[in-house]
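User: Please take a close look at the pockets of this model and at the surroundings of the ligand. I would like one connected account, with any backbone features that deserve attention placed at the end.

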Amino acid sequence: MQENLMDKMVSLCKRRGFIFQSSEIYGGLASTWDYGSLGAELKKNLKEAWWRATVYERDDIEGLDAAILMHPATWNASGHVTSFKDTLVDCKGCKKRFKVESVKGKKCPECKGELTEARQFNLMLKTHLGSVEGEGSLTYLRPETAQGIFVNFQNVANSARRKIPFGIAQIGKAFRNEITTGNFTFRSREFEQMEIEFFVKPGDDEKWYKKWIDERFGWYISLGIRKENLRKRPHEKDELAHYAKACTDIEYKFPFGWSELEGIANRTDFDLKQHMDLSSKDLRYFDDGTKERYIPYVIEPSGGIDRSVLAFLVDSYREEKVRDEKRVVLGLDRRLAPVKTAVLPLLKKKPEIVKMAKGLTADLKKYFYTIGGKVVYDDTASIGRLYRRQDEIGTPYCITVDVKSLEDKKVTVRDRDTMKQDRVELANIREYLGDRFNKRKA
Ligand code: ATP
């Protein structure tokens with residue numbers, strides 16, 4: 001099951017419209033992906049769940065949406081121009097490029113051709129602003145969203161009148177010219193990050209570092225990832241990024257092995273100090289109470305939306321036997337499910353049933369506008385088939401309207417996981433679903 005789970009997932013994602021290869025009609029663009037109608041919903045729901053947990057449910061974090069393009073000096077200050085590099089070798093025969101650590105011996109791992117000397121290769125994507133190309137117009141597509149937060153540290157602290165400890169949260173695109181690719185969306189060249197920079201008093205950093213590791217680990221579990229598939233892995237000293245004093249990865253047991261979902265790093269005062277030096281602006285924090293001025297330390301939980309989407313998809317996938325037939329289910333948490341409820345008429349030949357089902361769909365669409373999420377109507381197949389379609393994309397509830405509904409004004413609600421059916425008064429259906437969608441899993 002594990003070996004071909006990735007193949008099944010890639011195929012399900014394409015067939016049902018979760019994820020497509022980017023620019024597929026031109027043969028595709030390596031390691032870039034497009035999210036289809038269901039993928040876009042799942043991604044949006046995941047971002048909402050993160051924003052809710054970090055910005056709305058806490059009272060010590062502000063949100064931010066900074067530009068992708070930044071002043072090029074940012075990347076000198078952050079160290080990315082000099083340090084964000086992989087050491088690579090090229091094959092003189094097949095021209096493929098490899099990370100030096102992935103090559104054993106002096107031959108190309110694919111064609112056994114001769115390799116060039118190792119060279120440093122920066123992972124940032126370059127671009128030129130304005131109408132003239134040249135060094136003056138050079139900047140980069142951001143390789144992490146974090147720097148947008150650091151350069152706005154004072155803007156946010158002052159405008160929101162924040163006192164330390166507090167954090168800034170941001171979701172946004174990041175770009176890296178990755179060499180090792182593959183494993184579907186796991187390592188993409190364009191991806192989205194969800195990052196928090198949490199500013200603390202120097203000395204309090206280790207306490208907050210531990211807190212954030214537990215907090216973020218718990219978030220994945222609370223949204224349904226199975227505990228046995230998640231682990232914390234502290235970095236060895238020699239694998240720490242240039243800015244970090246300590247880092248712990250939260251790893252997920254993907255079918256291709258344990259791999260990083262999120263990193264929680266103690267970035268110390270590295271970034272603010274660097275920006276202070278390069279911009280000549282005083283970015284120190286003034287503590288009203290103690291009358292001290294200091295550069296805060298920063299704890300950074302930095303996760304990837306795309307990797308999380310993939311982990312939630314893989315983790316929730318299951319195959320069952322029901323009455324000798326295979327049932328594929330995505331057991332996604334209700335908050336993540338791309339379609340919240342599907343309304344399915346049992347007899348589409350009867351106009352009164354169709355009318356009732358469409359009326360219910362329209363009403364639920366309005367209702368779900370306030371509690372969030374997509375409601376669909378489908379009458380294009382037999383009921384067994386319609387259920388299977390919804391199970392496979394993780395729809396938590398299907399509602400059927402039948403001949404009896406016309407008399408008793410009741411509909412049947414089927415639960416995705418238990419397949420149990422409840423007969424519910426049409427007049428109570430909003431309340432019935434509302435209770436279930438607002439009820440959080442422990
Ligand atoms: P890796 O070691 O896997 O390259 P990283 O340690 O370089 O990742 P970070 O710089 O810590 O990654 O970035 C924070 C998060 O951003 C990662 O935990 C991951 O979820 C996400 N991320 C980083 N690079 C990519 C990528 N190429 N594709 C998708 N997500 C990514």
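Analyst: The model is a predicted one, and the account begins with the second largest pocket. By class, its lining is made up of nine nonpolar, seven polar and ten charged residues. These belong to a lining of 26 residues, and those nearest the centre of the pocket are Glu48, Ala49, Arg52, Glu57 and Arg335. The space in the second largest pocket comes to about 710 Å³.

Three helices each supply at least two residues of this lining: helix 2 (37-56), helix 7 (205-222) and helix 13 (429-438). Helix 2 contributes the most, with eight residues. In terms of domains, at least three lining residues come from domain 1 (2-68 + 143-313), and at least three from domain 2 (337-438).

The largest pocket holds about 1,200 Å³ of space. It is lined by 43 residues, of which Phe84, Arg176, Arg187, His235 and Glu260 are the closest to its centre. Two or more lining residues come from each of helix 4 (80-83), strand 4 (85-90), strand 10 (190-200), strand 12 (246-254), strand 13 (257-268), strand 16 (297-304) and helix 9 (305-316). Strand 13 provides the largest share of the lining, seven residues. By class, this lining comprises eleven nonpolar, twelve polar and 20 charged residues.

Two of the residues closest to the centre of the largest pocket, Arg187 and Glu260, are also among those that come nearest to the ligand. The ligand has 15 residues around it, and the nearest are Glu178, Arg187, Ser188, Glu260 and Leu261. Both Arg187 and Glu260 approach oxygen atoms of the ligand through their side chains. For arginine 187, a polar side-chain atom lies 2.7 Å from a ligand oxygen. For glutamate 260, an N or O atom of the side chain is 2.6 Å from an oxygen atom of the ligand. Phenylalanine 186 instead takes part through its backbone, where an N or O atom lies 3.3 Å from a nitrogen atom of the ligand. On its own the ligand has 590 Å² of accessible area, and the protein covers 81% of it.

Two backbone features remain. Most peptide bonds are trans, and most residues other than glycine have a negative phi. The bond between isoleucine 164 and proline 165 is cis, with omega at about 10°. Proline 165 is situated in the loop between helix 6 (153-159) and strand 9 (166-175). Lysine 95 has a positive phi, near 70°, although the residue is not glycine. Lysine 95 is found in the loop that runs between strand 4 and strand 5 (97-99). Strand 4 is also one of the elements that give two or more residues to the lining of the largest pocket.

Note on methods:
Residues are numbered from 1 along each chain as its sequence is written. This is a predicted model: local features need pLDDT of at least 70, side-chain atom pairs count only at pLDDT 80 or more; totals for chains, interfaces and linings use all residues. Side-chain values use heavy atoms; hydrogens and water are left out. On a 1 Å grid over the protein atoms alone, a cavity is a set of points where a 1.4 Å probe fits but cannot get out, and a pocket is an open set with protein on both sides within 12 Å along at least five of seven lines; lining residues have an atom within 4 Å of a point. Grid points are joined across faces, edges and corners, and a volume is the space filled by probe spheres set on the points. Helices (H or I, at least four residues) and strands (E, at least two) are DSSP runs, numbered from the N terminus. Ala, Val, Leu, Ile, Met, Phe, Trp, Tyr, Cys and Pro count as nonpolar, Asp, Glu, Lys and Arg as charged, and the others, Gly among them, as polar. Domain bounds come from an automatic or database domain assignment. A residue is near a molecule or strand if one of its heavy atoms lies within 4 Å of it. A polar contact is a pair of N or O atoms within 3.5 Å; within protein, one must be able to donate a hydrogen and the other to accept it, and residues adjacent in sequence count only if both atoms are side-chain atoms. Accessible areas come from the Shrake-Rupley method with a 1.4 Å probe; for residues, only the protein chains shown count as cover.
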